[in-house]
Amino acid sequence: MPGRGAGGPVATLQVVDKSTVAEDVVTLTLADPDGRRLPDWTPGAHIDLVLPTGDTRQYSLCGDRFDSRTYRIGVLREPAGRGGSAFVHDSLQPGDTVGVGGPRNNFPLVPSERYLFVAGGIGITPLLPMVTQAAMLGADWRLLYGGRRRASMAFLDELAPHGDRVRVMPQDETGLLDLPAFLGEPEPGTKVYCCGPGPLLDAMGLACVDWPPSALRTERFVAEEQAAPVRTAPFEVQLARTGTTVTVPLGTSVLEAVGSAGVEVLSSCRQGTCGTCETTVLDGVPDHRDSILDDAERAAGDCMFICVSRAASDRLVLDL
Ligand code: FES
């Protein structure tokens, strides 16, 4: 799983530009206040923005990955959100500093000769560097980009040079995205990447049922609904490095349980979407409840996101 791992320390970066790029969408360009180089990233990566409240929000990097001095993110104002986008839109200004964790990549672009990209609204942000890379590598690719209306769709100007590889489909002009028509027949070796609102991701899952397993890769910023935990009885978590064993009752996360035993694991979203709390499983069977791993990664059972995932067996041994 390339690019996954611990979240690392939080850096203080400065907002060097803030631009409105569509209705209710601003971009922030962030740089080290002393002009130092920033850690490298790959298409699909995101950073954590640490808010003054101490809460963090994840935003995909959507700038030039070969510009080692700045990061760019796109932020949609979400009136029903938890306040992160309102802070970015209303309070954060050029010259201000902000805490930044990462970058981290749960949505890496795997090598392929052919890609189909589907973006819904602000879901264009992780896909923008992907299409740039696909174009640079000479891959065969197409992008279907839907939004409520044209004025709400960010980065249309940056996509325009790609010509008819990009289909822009504002809902008020063209209706709902016709996914089967865009996808066509399953083709071996084609990778399908989708980012957008939950209903679009669900529709893509249905549209790709006949595609080879793991052809479709999606990224969610809102957790998928999960079934009830596999087990309701408490289970034990043995911490291999510390030699401690903790009991995890229903209603307590593994993250909280190991934290109360004095083992702090870095976390961010606490809803199984960001990947920060990834932990290696040495023994036992996890009950995966995240929105990150695909079926093959779940079946491997060698890592879990302990903010949400639990145990299906009586005991887990974690590399903590
Ligand atoms: S803290 Fe985000 S996946 Fe666990």
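Student: In this predicted model, does F155 count as buried or exposed, and on what grounds, given its C-beta neighbours inside 10 Å?
Tutor: The model is a predicted one, and the class of a residue rests on a count of C-beta atoms, with 20 or more needed for burial. F155 has 20 C-beta neighbours inside 10 Å. Because that count meets the cut-off, F155 is classed as buried.

Student: Where does F155 lie, in terms of the elements around it?
Tutor: F155 is also notable for its backbone: its phi is positive, about 70 degrees, although F155 is not a glycine. Most residues other than glycine have a negative phi. As for its place, F155 belongs to the loop between β8 (140–147) and α3 (156–159).

Student: Which class of exposure does R270 have, given the other C-beta atoms within 10 Å?
Tutor: R270 is likewise not a glycine and has a positive phi, of about 55 degrees. R270 sits in the loop between α7 (254–260) and β14 (278–283). Within 10 Å there are 18 other C-beta atoms, so R270 is partly exposed.

Student: Which residues does C277 touch, not counting residues up to four places away in sequence?
Tutor: C277 is found in the loop between α7 and β14. C277 counts as buried because it has 25 C-beta neighbours inside 10 Å. With residues up to four places away in sequence set aside, C277 touches L255, V265, L266, S267, F305, I306 and C307.

Student: What distance separates the C-alpha atoms of C277 and L156?
Tutor: Along the chain, C277 and L156 are 121 residues apart. In space, the distance between their C-alpha atoms is 35 Å.

Student: What should the 13 residues of helix α2 span, at 1.5 Å a residue?
Tutor: Helix α2 runs over residues 124–136. The expected span is 1.5 Å times one less than the number of residues. The end C-alpha atoms of α2 are 18 Å apart, which agrees with the expected span of 18 Å.

Student: Which residue follows α2, and what is notable about its phi?
Tutor: Within α2 there are several buried residues, including I124, L127, L128, V131 and A134. After α2 comes a residue with a positive phi, near 75 degrees; this residue is G138.

Student: Which residues have the most contacts inside the largest nonpolar core?
Tutor: The largest nonpolar core has 52 residues. Helix α2 gives the most to this core, with 6 residues. Domain 1 (11–104) and domain 2 (114–219) both contribute residues, so the core lies between them. The residues with the most contacts inside it are F117, L127 and C194.

Student: With which residues is F117 in contact, leaving aside its neighbours within four places in sequence?
Tutor: F117 is one of the residues with the most contacts inside the largest nonpolar core. Leaving aside neighbours within four places in sequence, its contacts are L127, M130, V131, W141, L143 and Y193.

Student: How many residues of domain 1 are in contact with residues of domain 2?
Tutor: The domain assignment gives domain 1 (11–104), domain 2 (114–219) and domain 3 (235–318). The centres of domain 1 and domain 2, taken over C-alpha atoms, are separated by 23 Å. On the domain 2 side 13 residues take part in the contacts, and on the domain 1 side the number is 13.

Student: Why are the buried residues of α6 on the same side of the helix?
Tutor: In helix α6 (residues 198–207), the buried residues are L200, L201, M204 and A207. They are on the same side of α6 because they cover an arc around the axis of only 120 degrees.

Student: Which residues are exposed on the other side of α6?
Tutor: The buried residues of α6 are covered by elements including β7 (114–120), α5 (179–183), β10 (190–195) and β11 (216–219). On the other side of α6, the exposed residues are P199, D202, G205 and L206.

Student: Which residues does a cis peptide bond join?
Tutor: Most peptide bonds are trans. Here, however, one bond has an omega of about 5 degrees and is cis. One of its partners, P103, is found in strand β6 (residues 97–104). The bond joins G102 and P103.

Student: What is the radius of gyration of the protein chain, and how does it fit the globule rule?
Tutor: The protein chain contains 8 helices and 18 strands. For its 320 residues, the globule rule gives 20 Å. The chain is as compact as a globular protein of that length, because its radius of gyration is close to that value, at 20 Å.

Methods. Residues numbered from 1 in each chain as written. Predicted model: local features only at pLDDT ≥ 70, side-chain atom pairs only at ≥ 80, totals over all residues. Helix = DSSP H or I, 4+ residues; strand = E, 2+ residues; numbered from the N terminus. Buried ≥ 20, exposed ≤ 12 C-beta atoms within 10 Å, placed from the backbone. Rg over C-alpha atoms; globule rule 2.2 N^0.38 Å. Core = buried A, V, L, I, M, F, W, Y, C linked by C-beta atoms within 7 Å. Domains from an automatic or database assignment. Contact = placed C-beta atoms within 7 Å. Arc of directions from axis to C-beta.
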